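Work through the exercises below with the sequence and coordinates open. Try each task before reading its solution.

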Amino acid sequence: MAVTLNKTAGPGWASGLGAVVVLLGVLLAAWHGNEWMKLAIVGVPPWSLAQMPDADCEADELEEEGLTLAECRQLALSMHDISISAPDWFPAFHIAVSAAGLLLALLSVFAGVALVDYRQWAAATALTTLGALAVLDVVSFVGVVMVGPLIRQMYLWSILLWFFIHLSMAVAALAGYRNEREARRSWHAPE
Amino acid sequence: MRTKAYNKTVGILHWLLALSIFFLFISSWWMLGLPLASENFQLRAFPFQLHKNIGITLVVVLAVMLYARFRHRPEPPPPEALSPRIYKLAVLDHVVLYAVILACCVSGYLSSSYSGWGTELWWLVELPYWGYENEELNVLYSDIHLWTCWILLAVVAVHVSGALYHAFRNDGVIRRMLHL
């Protein structure tokens with residue numbers, strides 16, 4: 001049966017912020033899921049560059065995929081980008097960051113729903129989750145700074161962008177949390 | 001304020017669909033940058049199988065969601081939140097969204113069927129070939145798949161814009177889908 005919502009709507013800031021948190025949480029979960037798969041597949045290529053077999057670039061395949069011969073050869077070479085530029089610890093580090101990011105992104109979706117369908121604990125939960133995501137972005141950023149330029153150009157900008165998005169949303173949750181707390185205090189304070 | 005909201009099953013399936021669709025977009029852009037499949041390079045095998053599996057499952061999830069949605073149909077939002085004209089546009093947006101998701105998934109599966117590459121559903125069941133190896137039909141369905149997916153992305157953007165608009169207005173429309 002259809003669900004009946006019978007409580008009053010939450011504050012406007014919570015509704016707007018909650019919807020944005022849900023949208024970006026879903027996008028982030030998808031991104032981290034893909035990063036996980038990416039590292040699992042090309043984190044450690046089966047050959048070194050010196051032993052790598054020639055790419056198979058048949059004319060009909062190239063036409064079907066809309067590729068030039070040079071692009072087809074480059075696709076094979078580029079799978080070494082991560083291994084060339086990464087120290088041994090990087091694949092495990094990146095997979096751990098992606099796993100934590102996926103979990104936190106899903107938690108942020110839950111926190112966003114709680115903001116829209118307003119609960120008193122929603123702002124604190126959103127602040128914690130978004131703060132944790134911003135901290136994870138910093139950890140990830142520092143990790144990527146310590147590896148080679150091929151990986152840095154691949155990840156650094158997107159991590160920085162996500163960091164500022166999470167920071168902005170965490171600060172919005174903090175401001176909302178404090179406003180709500182002050183409003184409750186003034187409501188209960190004697191005249 | 002009393003508002004009839006969507007059933008919880010519909011809500012969960014809606015977010016599962018959203019996550020799957022975004023994952024399929026992001027992962028497909030990456031996997032098409034892997035070396036072409038050959039005897040030496042088999043790196044495309046897993047992501048392509050996963051892509052097909054999620055796409056096929058997505059059609060099933062969409063069917064279950066539509067069934068649950070029609071079985072537990074909520075009342076339209078109050079006219080002060082959504083005018084009848086905008087409500088009709090929102091219904092049209094949903095119909096187009098579902099049609100494009102279906103077209104995108106079916107064309108992808110048909111392209112795969114005519115490519116000669118088999119599909120093992122979640123690495124458990126070998127699905128029958130709906131077609132035979134035919135380069136022209138493979139390219140045709142592959143093009144349809146590509147374009148319907150670009151259209152899907154545009155329709156998703158419209159859908160998300162509408163949801164955010166109502167969330168910022170705090171008119172209760174978004175709470176019909178986002179509730180605990």
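Helices (H or I, at least four residues) and strands (E, at least two) are DSSP runs, numbered from the N terminus. The model is predicted: local features need pLDDT of at least 70, side-chain atom pairs count only at pLDDT 80 or more, and totals for chains, interfaces and linings use all residues. Residues are numbered from 1 along each chain as its sequence is written, and chains are lettered from A, ligands numbered from 1, in the order in which they are written.

**Exercise 1. Describe the fold of chain B.**

Step 1. Count the elements: chain B has four helices and three strands.
Step 2. Read along the sequence. The pattern is β-α-α-α-β-β-α.
Step 3. Box the C-alpha atoms along the principal axes. Chain B fills roughly 65 × 30 × 25 Å.
Step 4. Check burial. A residue is buried if 20 or more other C-beta atoms, placed from the backbone, lie within 10 Å of its own. In chain B, 31% of the 180 residues pass.

**Exercise 2. Analyse the side of chain B that touches chain A.**

Step 1. Apply the contact rule: C-beta atoms, placed from the backbone, within 7 Å. Chain B gives 40 residues and chain A gives 42.
Step 2. Find the elements of chain B that give two or more residues. They are strand E1 (3-5), helix H1 (8-31), helix H2 (45-71) and helix H4 (135-169).
Step 3. Pick the largest share. H1(B) supplies it, with nine residues.
Step 4. Sort by class. Ala, Val, Leu, Ile, Met, Phe, Trp, Tyr, Cys and Pro are nonpolar, Asp, Glu, Lys and Arg charged, the others, Gly among them, polar. This side of chain B has 26 nonpolar, ten polar and four charged residues.

**Exercise 3. Determine how H1(A) packs on H7(A).**

Step 1. Fit lines to the C-alpha atoms over the stretch in contact; angles run from 0 to 180 degrees between N-to-C directions. The axes of H1(A) and helix H7 (residues 149-188) of chain A come within 11 Å and cross at roughly 150 degrees.
Step 2. Classify the angle. H1(A) is therefore roughly antiparallel to H7(A), a label for angles over 145 degrees.
Step 3. List the contact residues. H1(A) contributes residues including A:Trp13, A:Val21 and A:Leu28, and H7(A) residues including A:Trp162, A:Met169 and A:Gly176.
Step 4. Sort them. The contact has twelve nonpolar, one polar and no charged residues.
Step 5. Follow A:Val21. Beyond four places in sequence, A:Val21 touches A:Ser108, A:Ala111, A:Gly112, A:Leu115, A:Ala126 and A:Met169.

Notes: Two residues are in contact if their C-beta atoms, placed from the backbone, lie within 7 Å. Angles under 35 degrees count as roughly parallel, over 145 as roughly antiparallel, 65 to 115 as roughly perpendicular and the rest as oblique. A residue is buried if 20 or more other C-beta atoms lie within 10 Å of its own, exposed if 12 or fewer, and partly exposed in between; C-beta atoms are placed from the backbone.
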